[in-house]
Amino acid sequence: MAQTIAPAVSAAPRPDPAVAELLQSVVDTARAIFGAQASSIMLLDTTADELIFEAVSGQGQEFLVGRRFPAGRGIAGWVAASGEPMVVDDLHDSASFDRDIAESTGYVPNALMAAPLIRRDRVLGVLEVLDPSPQARSGLPELDLLGLFARQAAVALHVLTTYAPRPAPDTPDDPSRTELLRLLSEARRLLGE
């Protein structure tokens, strides 16, 4: 079967370093919180109707960033379309799971948790946690935690992309970068890292 995830177009602009850092921090923290093998954020490109891997922690982090797949496919597509989180303990029995997409990424999970990144009533993307520890996906409180974490990430992403001044990239004294790092540090402290 043909690969369903297209490589990122090389002419596409690189994301803002602060946005990339924020998203990487989110997936690293989500992976740690839920004891998962991997975690990813896919942002919704409404023009192309695709989900784009923007940050990956764990399995696939070396090559998945920038890859795309149709927004209407798989569990991530369902979460993006519905705006509702989902936990699937056994993906072998899930009709929503798109095995072809998973195989094309090089990692086929057995279980996953996914939550939409929502800002106001707009879905920005999806946060997925792949193969979380069984204790981390045991019930509604864990799904609520993932949803809260995804909402916090969506708000931070919105603030960075909407209100942050645009100084020269990688400026060490950039005030928005300093504030972002402070917020990320505070979030990690609150999460007990």
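Which side chain of opposite charge is nearest to the buried residue E128, and how far away is it? In this predicted model, the nearest such side chain is that of R73, at 12 Å, and E128 has no salt bridge although it is buried. E128 is found in strand β6. Not counting residues up to four places away in sequence, E128 touches A38, S39, S40 and M42, together with A76, L112, M113 and A114.

The strand that carries E128 belongs to an open sheet of 6 strands, arranged in the order β3-β2-β1-β6-β5-β4 with antiparallel pairing. The edges are occupied by β3 (residues 68–70) and β4 (residues 86–88); each has a single partner strand, so one side of each is left without a neighbour in the sheet. From one strand to the next, the twist averages 25°. In general, the strands of a sheet pair through backbone hydrogen bonds, in either a parallel or an antiparallel manner. At the β3 edge, the antiparallel pairing with β2 (residues 50–58) extends over 3 bridges, and F69 of β3 is the bridge partner of L51. Helix α4, spanning residues 140–162, lies across β1 (38–45), β4, β5 (112–119) and β6 (122–130). The helix runs at about 40° to β5.

The salt bridges of the model number 3. In one of them, the side chains of R68 and D45 meet with an N to O distance of 3.1 Å. Since R68 lies in strand β3 and D45 in strand β1, this pair ties together parts that are 23 residues apart in sequence. R68 also meets E50 in a salt bridge, at 2.7 Å from N to O. That pair likewise links distant parts of the chain, with R68 in strand β3 and E50 in strand β2, 18 residues apart. D45, E50 and R68 are thus linked in a network of salt bridges. Within this network, R68 counts as buried because its relative accessibility is 18%, below the 20% limit, whereas E50, at 21%, counts as partly exposed.

A further salt bridge is formed by D98 with R73, the closest N and O atoms being 2.6 Å apart. This pair, too, links distant parts of the chain: D98 is in the loop between β4 and α3 (99–105), R73 is in the loop between β3 and α2 (74–82), and 25 residues separate them. D98 counts as buried at 16% relative accessibility, while R73 is partly exposed, with a relative accessible area of 26%. R73, the partner of D98, is also the residue whose side chain is the nearest of opposite charge to E128.

Backbone conformation was examined at two further positions. Most residues other than glycine have a negative phi. R120, which is not a glycine, has a positive phi of about 55°, and D131, also a residue other than glycine, has a positive phi near 50°. R120 is found in the loop between β5 and β6, and D131 lies in the loop between β6 and α4. Their surroundings are described by opposite terms: R120 is exposed, with a relative accessible area of 64%, whereas D131 counts as buried at 15% relative accessibility.

Technical notes
Residues are numbered from 1 along each chain as its sequence is written. This is a predicted model: local features need pLDDT of at least 70, side-chain atom pairs count only at pLDDT 80 or more; totals for chains, interfaces and linings use all residues. Side-chain values use heavy atoms; hydrogens and water are left out. Two strands pair if DSSP finds at least two bridges between them. Helices (H or I, at least four residues) and strands (E, at least two) are DSSP runs, numbered from the N terminus. Axes are lines fitted to C-alpha atoms, for helices over the stretch in contact, and angles run from 0 to 180 degrees between N-to-C directions. Contact means heavy atoms within 4.5 Å. Buried means under 20% relative accessible area, exposed over 50%, partly exposed in between (1.4 Å probe, protein chains only). Lys and Arg count as positive and Asp and Glu as negative; His and the chain ends are not counted. A salt bridge is a side-chain nitrogen of Lys or Arg within 4 Å of a carboxyl oxygen of Asp or Glu.
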